[in-house]
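Morning, everyone. I have one structure to go through, and I will take it from the overall outline down to single residues. Here it is.

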Amino acid sequence: MSLQILSIASLSIAFASLTVLTYILTRIRGLNRAADDIQRGDTTVKIVESRLPVLGQTARHYRFLSMAVTDLEQMEKFQQRMLAYEKKEMEYLLETEALSRQLKKQLEETSKANRTAALLNLELEDRNRSLNEAINRLSALNQVSRMLGMEHDRQQIYRMVVSLPMELLGAEIGHLLLYSEEDDDLVMEYSVGLADRSESRRRINVGDGMAGWVAGNRKPLLIEDFAQQETFSPISSLGYERKTAISVPIMTKDEFIGAITLINRQDGQPFQQDEMTLLATIASEAAMALHNVLLLEKIQKSYFSMVQALITAVEAKDVYTRGHSERVTQYSLLIAEQMNLPLSQMEIIHQAGILHDIGKITVELSILNKPTRLSPAEYEKIKNHPAVGYRILEPIEFDERIKLCVLQHHERPDGKGYPNGASAADILLEAKVLAAADAFDAMTTSRPYRDALTIHAALNEIQRCSGTQFDPQVVEVLGGLVNTMISSGVLETLHS
Ligand SMILES: [Fe+2]
């Protein structure tokens, strides 16, 4: 019995132990599965609690472990997200930096391009300026050339060849020296900008100074900076300081005429090679004009010498009219000056005064010196001398007004003069001046047929004939003039 009971008890214990063991194993398997799940990454596994303290504790440990793993996983995921974010941030930064570098490069290129554009612009402006200057100079050159071609007045030519280049090149001083063949030196004919005008007409030896060098070498000369050379003094012989200068010769093919010189620039800059070339071009344009004017003057001078010799011959025939032409010229010029006549009219009066009686060369000496009254035929011959004088001068290249003055010097405002009986309106003012001066001298000089009238008597006679034989305005001026001449003693000198 007891054995049986013991067996039953053992069996029961065994069964109970088996049950417990099974239960434990089941829980352990559950834990193992959970562990497997966690190992695979599934942290959502539910761990069944156990009433067995050991298992329960183990299960709790597993749960904590699972939670810790979950936390770790989440932490890792968070860190991965952070890393990804930082990577993106870094990539963005790198990209921004690259963009910034690119932008900077582009800015530098733009700035460089801007600088190049600015330089190009400056260059363009510079070229524009040069082009404008070239156009201005060309136009001025054309103007000088055109004007020189038309100009026959020596003073006007002087002014053109000095003042125009001075203005064009901004020079402070300019002068023109002409070569004198007689004295083999240079004479300053025209200057601008020289303080002392009394020094403006002076002589320079060939070889002396800049212009002298140009005359000697017949070459243009440019001195950009006087301080950089020792050949020429920075102080000119006229006493002014020279910093920069150009001097060019005026020459025809084989004749040296003179030199144009420009000194110092208003802007303080040195003269340049191209400016010397420009001045040399103007000088070559001036050469022919000056050559022609000087030649014409030479011809006119020799012609006048010849005519004056003729006049002297005429007056030599007529002892009573000796010096008459010279005195008539002087009276006429004094009247013209008093009337403020322009220089051109004074010049006509001057030349016509000398020539007015040239026609008398054809009148016989017996008529000119006849002590008694002239016969009508003889008077006709005398009356013919203005027309003869006109014919003598006609073929000569001469201002027509000079010839007309010779023709009209015995015409009267009332139309009763000779040779044509011209009316007042048709008689030149210069001829009216000559007529009064001629009559005044004739009356105050002894003639074969009468004695000289006194100055007052002559003036009274002329004033009596004012408006008929003589122009009233001229008579009025002559009246004032004669009174002045009497008080100053000029009349006595002219008649001595
Ligand atoms: Fe006359």
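Before the elements come up by name: helices here are DSSP runs of H or I with at least four residues, strands are runs of E with at least two, and both are numbered from the N terminus. With that naming, R218 sits in the loop between α4, residues 209-217, and β4. I will come back to R218 later.

What you are looking at is a predicted model. On the count of elements, the protein chain has 15 helices and six strands.

Now the outline. Along the principal axes, the C-alpha atoms fill a box of roughly 230 × 55 × 45 Å. The radius of gyration is 61 Å, where a compact globule of 496 residues would have one near 23 Å. Buried residues make up 26% of the 496. Of the contacts with a separation of 6 or more, 59% are between residues 24 or more positions apart.

The domain assignment gives domain 1 as 2-107, domain 2 as 151-296 and domain 3 as 318-495. How far apart are the centres of domain 1 and domain 3? Taken over C-alpha atoms, the separation is 152 Å.

Next, a helix pair. Helix α2 covers residues 53-150 and helix α5 covers 273-317; their axes come within 9 Å and cross at roughly 10°. Angles under 35 degrees count as roughly parallel, and α2 and α5 are therefore roughly parallel to each other. On the α2 side the residues that meet α5 are R137, L141, V144, S145, L148 and G149. On the α5 side they are L278, T281, I282, E285, A286 and A289.

On to helix α10, residues 385-393. Which of its residues are buried? They are H385, P386, G389, Y390 and L393. These cover an arc of only 145° around the axis, which puts them on the same side of α10. The background is that an α-helix has 3.6 residues a turn, so residues three or four places apart point the same way. What covers the buried residues of α10 includes α7 (343-355), α9 (376-383) and α11 (400-408).

Staying with α11 for a moment, P419 is in the loop between α11 and α12, the latter being residues 429-443. The peptide bond that joins Y418 and P419 is cis, with omega about 10°.

Two residues have backbone angles to point out. R218, the loop residue from the start, has a positive phi of about 55° although it is not a glycine. Is R218 buried or exposed? With 12 or fewer C-beta atoms within 10 Å a residue counts as exposed, and R218 has 10 others in that range, so it is exposed.

N264 also is not a glycine and has a positive phi, of about 60°. N264 is found in strand β6, residues 256-265. N264 has 22 C-beta neighbours inside 10 Å and therefore counts as buried.

N264 leads to K243, which touches D225, F226 and N264, leaving out residues up to four places away in sequence. K243 lies in the loop between β4, residues 221-223, and β5, residues 245-251. K243 is partly exposed, with 18 other C-beta atoms within 10 Å. K243 and Q269 are 26 residues apart along the chain, and their C-alpha atoms are separated by 9.0 Å.

That is the end of my part.

Notes. Residues numbered from 1 in each chain as written. Predicted model: local features only at pLDDT ≥ 70, side-chain atom pairs only at ≥ 80, totals over all residues. Buried ≥ 20, exposed ≤ 12 C-beta atoms within 10 Å, placed from the backbone. Arc of directions from axis to C-beta. Contact = placed C-beta atoms within 7 Å. Domains from an automatic or database assignment. Rg over C-alpha atoms; globule rule 2.2 N^0.38 Å. Axes fitted to C-alpha atoms, helices over the stretch in contact; angles between N-to-C directions. Parallel < 35°, antiparallel > 145°, perpendicular 65-115°, else oblique.
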